[in-house]
Each structure stands twice: as structure tokens, then as C-alpha cells.
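Q: I've got a model open here and would like to talk it through with you. Can we go over it piece by piece?

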Amino acid sequence: MDINFAVWLLRKSRSMTQSQVASRMRTSRQQVSELEIGQMPTIATLLRISRALSVSPRCLLLIAEARGRRESAPQLKCGGMNGPEPRTEQQQSGKPTSGLR
């Protein structure tokens with residue numbers, strides 16, 4: 001999983017500096033930099049990053065996972081902190097994906 005890329009991508013997409021994210025996280029700009037270049041965050045840090053970037057932790061992980069599989073970001077559907085959850089293939093097509101209902 002590429003959490004580092006997800007942090008960088010979300011920060012850039014919000015036109016935020018590392019210092020701005022650090023201020024929201026109540027940490028140093030250096031720690032944000034380290035998170036973007038390779039440091040694996042703890043769960044507590046992951047939650048703080050999510051809040052600072054106004055996304056759910058799930059969204060952050062979805063972006064990281066997609067990056068690992070080299071999917072394009074526009075295919076991801078993740079809302080903000082309280083936004084809608086991504087829809088399943090079945091919900092999108094309206095058809096069951098298996099014989100079970």
C-alpha cells in the first residue's frame with residue numbers, strides 16, 4: 001500500500017502546503033515530509049492525517065491501495081469525512097454480481 005503517495009496526492013489536490021497540513025495535525029512540517037517520502041504512519045497518525053486533509057481514513061487507504069494496483073484515481077469514489085461510501089459494482093449496475101440476492 002502506498003500511503004505516502006495518498007498523503008501527497010490529497011495534500012496537493014487541496015492546494016495545501018506541508019506546513020498547513022502540519023498545523024492541522026499539530027505536528028511539524030518535517031513529519032509531514034517524512035510521511036510523504038516513506039515513513040509508515042501509526043493508526044493514530046493515519047487518523048490525524050485524515051482529519052487534516054478532510055477525508056475519511058477509508059478514503060486515504062483506498063487511494064493508497066489503488067496506487068499499489070496502479071488504478072487511476074478518478075475511478076475511486078470516496079467522500080469526505082462524513083461523505084458517502086463507495087458504491088459496489090452491484091449497486092452501480094443495479095444487477096446482482098452473483099446468483100444470491
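Q: Let's start with Arg11: buried or exposed?
A: Arg11 is buried, since its relative accessible area is 8%, and please keep in mind throughout that we are looking at a predicted model.

Q: Where is Arg11 found?
A: Arg11 is found in helix α1.

Q: And what is Arg11 in contact with, leaving aside its neighbours within four places in sequence?
A: With those neighbours left aside, Arg11 is in contact with Met16, Thr17, Gln18, Val21, Glu36 and Leu53.

Q: Take Leu53 from that list, then; what is its place, and is it buried or exposed?
A: Leu53 has its place in helix α4, and it is buried, with a relative accessible area of 0%.

Q: What does Leu53 touch, not counting residues up to four places away in sequence?
A: On that count Leu53 touches Val7, Leu10, Arg11, Arg14, Met16 and Val21. For Val21 there is also a backbone distance to quote, as the C-alpha atoms of Leu53 and Val21 are separated by 7.2 Å while the two residues are 32 residues apart along the chain.

Q: Okay, up a level: how do the axes of α2 and α4 cross?
A: The axes of helix α2, residues 18-25, and helix α4, residues 43-53, cross at roughly 115° and come within 9 Å. The crossing in which α2 passes α4 is right-handed.

Q: Which residues make the contact?
A: From α2 the contact is made by Val21, Arg24 and Met25, and from α4 by Thr45, Arg48, Ile49, Ala52 and Leu53. Sorted by class, the contact of α2 with α4 has 5 nonpolar, 1 polar and 2 charged residues.

Q: What about α3, which residues are buried there?
A: In helix α3, which covers residues 29-37, the buried residues are Gln31, Val32, Ser33, Leu35 and Glu36.

Q: What do those buried residues of α3 pack against?
A: The buried residues of α3 pack against α1, α2 and α4.

Q: Where is there a positive phi just after α3?
A: Just after α3, Gly38 takes a positive phi of about 150°.

Q: Which residues other than glycine have a positive phi?
A: Ser15 is one of them, with phi near 55°, and Arg26 is another, with phi near 60°. Ser15 is found in the loop between α1 and α2, whereas Arg26 lies in the loop between α2 and α3.

Q: Are Ser15 and Arg26 buried or exposed?
A: Ser15 is exposed, with a relative accessible area of 66%, and Arg26 is exposed too, with a relative accessible area of 78%.

Q: Switching topic, how many aromatic pairs does a search of the whole structure find?
A: The search finds 1 aromatic pair. The rings of Phe5 and Trp8 have centres 5.9 Å apart and planes at 35°, so the pair counts as tilted.

Q: Where do Phe5 and Trp8 lie?
A: Both Phe5 and Trp8 lie in helix α1, residues 3-13, and they are 3 residues apart, which is about one turn of the helix. As for solvent, Trp8 counts as partly exposed at 36% relative accessibility.

Q: What lies over the face of Phe5?
A: Arg67 lies over the face of Phe5, at 4.1 Å from the ring centre.

Q: One more arginine, Arg58: where is it found, and how far is it from Leu47?
A: Arg58 is found in helix α5, residues 57-69, and it is partly exposed, with a relative accessible area of 42%. Measuring from C-alpha to C-alpha, Arg58 and Leu47 are 9.9 Å apart in space, and they are 11 residues apart in sequence.

Q: Finally the whole chain: how many helices and strands are there?
A: The protein chain has 6 helices and 0 strands, and read along the sequence it follows the pattern α-α-α-α-α-α.

Q: And what share of the residues is buried?
A: Buried residues make up 31% of the 101 residues in the protein chain. Among contacts with a separation of 6 or more, residues 24 or more positions apart account for 53%.

Definitions and conventions
Residues are numbered from 1 along each chain as its sequence is written. This is a predicted model: local features need pLDDT of at least 70, side-chain atom pairs count only at pLDDT 80 or more; totals for chains, interfaces and linings use all residues. Side-chain values use heavy atoms; hydrogens and water are left out. Axes are lines fitted to C-alpha atoms, for helices over the stretch in contact, and angles run from 0 to 180 degrees between N-to-C directions. Helices (H or I, at least four residues) and strands (E, at least two) are DSSP runs, numbered from the N terminus. A crossing is left-handed if the near helix is turned anticlockwise from the far one by less than a right angle, and right-handed if clockwise. Contact means heavy atoms within 4.5 Å. Ala, Val, Leu, Ile, Met, Phe, Trp, Tyr, Cys and Pro count as nonpolar, Asp, Glu, Lys and Arg as charged, and the others, Gly among them, as polar. Rings of Phe, Tyr and Trp (its six-membered ring) pair if their centres lie within 6.5 Å; planes under 30 degrees apart count as stacked, over 60 as edge-to-face and the rest as tilted. Buried means under 20% relative accessible area, exposed over 50%, partly exposed in between (1.4 Å probe, protein chains only). A charge sits over a ring if NZ of Lys or CZ of Arg is within 6 Å of the ring centre and within 35 degrees of the ring normal.
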